[in-house]
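The exercises below are meant to be worked through with the sequence and the three-dimensional view at hand. Each task is followed by a solution in steps.

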Amino acid sequence: MPQLKIICLAHPAIWSNMVKEPEVISQKILSLNESSSSWLDLNAKRGSRMGIYKVERLKHEDHILLRFISEAKINEEHPSVEKLLAEDGCLPEGMEIPTPVPRASKALLFLDLKEGVCYVYSSRTAPDLEAIFKLLELLEKDTGLPTRNAKIFEWKEEIVTNVTEVARSEGFLPYKVRGDLETVKILAEGDLENNEDWKRIEGTIDLSKWRTIAYMKRNKKGIFVFGLTRRYRKQISIPHLEEDLSMDGLLERIIEMRKLVERALGCDVRQYCFSESVMPLTKFL
């Protein structure tokens with residue numbers, strides 16, 4: 001499932017003080033290469049390799065795209081067919097047992113150098129958060145970006161209801177709902193807004209029971225879908241539906257989704273993550 005994580009890299013006051021010229025930092029990031037600490041080292045130990053493998057400038061001002069990849073430790077408990085056959089003495093002569101391959105994941109990291117926000121987008125299985133935060137530490141070492149106190153944006157459960165109201169006001173319609181009624185799982189998908197039978201069912205269920213709600217809007221640019229989960233690990237999903245959607249186009253959708261969430265929150269995501277006072281936040285928002 002395609003998913004998005006929003007990471008606020010530093011308190012807005014600290015970011016504004018340390019990154020006074022985003023273009024200077026932008027040039028440092030664009031100059032990253034194989035000799036940089038944050039770059040992928042293919043010769044490192046298998047199961048621990050991670051890093052940036054491509055850096056791109058975007059049309060959006062003060063935004064840079066980092067392509068990131070990491071791999072998990074090799075899991076010896078996942079045997080191959082050949083290994084299981086060998087255990088029973090049934091492996092044909094001459095066949096070798098393949099070496100276990102570590103699971104690899106990649107992500108797109110959209111850096112907003114003006115606001116100090118990182119959007120981590122994964123179209124498949126996302127890299128572990130531990131790997132993402134390790135990369136941010138290495139980026140600070142390479143470029144001086146203040147990332148050591150970075151925080152991931154996670155919302156309170158009730159925000160999903162607020163987002164529904166805001167999304168509807170912007171032309172989005174709910175198209176998928178997952179519910180957890182303890183002994184019964186519910187999945188509703190389709191034209192929920194215009195289905196009277198569904199509306200009757202929806203109205204009888206406590207909103208706190210909804211685990212995932214997804215929204216959809218059609219316009220000249222295509223179909224825009226995003227969803228939020230409300231329990232356990234909070235996640236945002238933004239399917240990359242059009243094959244010809246550019247990286248700038250994907251970023252536009254991410255930014256639009258962020259604005260919807262901020263309207264539901266009643267504040268900037270940075271302020272939500274860093275509510276403590278360093279200097280008056282209004283100066284930086």
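**Exercise 1. A salt bridge between a strand and a helix**

Task: Determine which elements are tied together by the salt bridge of Arg57 and Glu23, and state whether each partner is buried, partly exposed or exposed.

Solution.
Step 1. The model is a predicted one. In it, the side chains of Arg57 and Glu23 form a salt bridge, with N and O 3.2 Å apart.
Step 2. Arg57 belongs to strand S2 (residues 50-57) and Glu23 to helix H2 (residues 22-30), so the bridge links parts that are 34 residues apart in sequence.
Step 3. The range from 20% to 50% relative accessible area counts as partly exposed. Arg57, at 44%, is therefore partly exposed. Glu23, at 37%, is partly exposed as well.
Step 4. The whole structure holds 10 salt bridges.

**Exercise 2. A network of charged residues**

Task: Starting from Asp268, trace the salt bridges to Arg258 and Arg270 and identify the network that they belong to.

Solution.
Step 1. Asp268 meets Arg258 in a salt bridge of 3.3 Å, N to O. Asp268 is in the loop between H7 and H8, while Arg258 is in helix H7, so this pair ties together parts 10 residues apart in sequence.
Step 2. Both Asp268 and Arg258 are buried.
Step 3. Asp268 also forms a salt bridge with Arg270, where the closest N and O atoms are 3.0 Å apart. Arg270 is buried too.
Step 4. Through shared partners, salt bridges join Glu115, Arg258, Glu262, Asp268 and Arg270 into one network.

**Exercise 3. The nonpolar cores**

Task: Describe the largest nonpolar core and find which element gives the largest share of it.

Solution.
Step 1. The largest nonpolar core comprises 39 residues, and Leu4, Ile6, Phe110, Tyr119, Phe226, Ile238 and Met257 have the most contacts inside it.
Step 2. Two or more residues come from each of strand S1 (3-8), strand S4 (104-112), strand S5 (117-122), H5, strand S10 (222-229), helix H7 (247-265) and helix H8 (269-273).
Step 3. H7 supplies the largest share, 10 residues.
Step 4. Apart from this core there is a second, separate one of 29 residues, with Trp15, Leu66, Leu109 and Leu135 among them.
Step 5. As background, nonpolar side chains tend to be buried together in soluble globular proteins.

**Exercise 4. Helix H5 and its end**

Task: List the buried residues of helix H5 and examine the backbone just after the helix.

Solution.
Step 1. Helix H5 covers residues 159-169, and its buried residues are Ile159, Val160, Val163, Thr164, Val166 and Ala167.
Step 2. An α-helix has 3.6 residues a turn, so residues three or four places apart point the same way.
Step 3. Just after H5, Gly171 adopts a positive phi of about 95°.
Step 4. For comparison, consider Asp62, which has a positive phi of about 65° although it is not a glycine. Most residues other than glycine have a negative phi.
Step 5. Asp62 is found in the loop between S2 and S3. Its relative accessibility of 21% makes Asp62 partly exposed.

**Exercise 5. The largest pocket**

Task: Characterise the lining of the largest pocket by its residues, elements and classes.

Solution.
Step 1. The largest pocket encloses about 330 Å³ of space.
Step 2. Its lining has 16 residues, and Glu71, Ala72, Asp128, Glu130 and Ala131 lie nearest the centre.
Step 3. Strand S3 (63-71), S4 and helix H4 (129-143) each give two or more residues to the lining. The most come from H4, which gives 3 residues.
Step 4. Sorted by class, the lining has 7 charged, 5 nonpolar and 4 polar residues.

**Exercise 6. A loop residue and its contacts**

Task: Locate Ile74 and name the residues that it contacts beyond four places in sequence.

Solution.
Step 1. Ile74 sits in the loop between S3 and helix H3 (81-87). With 29% relative accessibility, Ile74 is partly exposed.
Step 2. Neighbours within four places in sequence aside, Ile74 contacts Arg46, Gly47, Pro100 and Pro102.
Step 3. Ile74 and Arg46 are 28 residues apart in sequence, and their C-alpha atoms are 7.7 Å apart in space.

Key:
Residues are numbered from 1 along each chain as its sequence is written. This is a predicted model: local features need pLDDT of at least 70, side-chain atom pairs count only at pLDDT 80 or more; totals for chains, interfaces and linings use all residues. Side-chain values use heavy atoms; hydrogens and water are left out. Buried means under 20% relative accessible area, exposed over 50%, partly exposed in between (1.4 Å probe, protein chains only). A nonpolar core is a set of buried Ala, Val, Leu, Ile, Met, Phe, Trp, Tyr and Cys residues joined through side-chain atoms within 4.5 Å. A salt bridge is a side-chain nitrogen of Lys or Arg within 4 Å of a carboxyl oxygen of Asp or Glu. On a 1 Å grid over the protein atoms alone, a cavity is a set of points where a 1.4 Å probe fits but cannot get out, and a pocket is an open set with protein on both sides within 12 Å along at least five of seven lines; lining residues have an atom within 4 Å of a point. Grid points are joined across faces, edges and corners, and a volume is the space filled by probe spheres set on the points. Ala, Val, Leu, Ile, Met, Phe, Trp, Tyr, Cys and Pro count as nonpolar, Asp, Glu, Lys and Arg as charged, and the others, Gly among them, as polar. Contact means heavy atoms within 4.5 Å.
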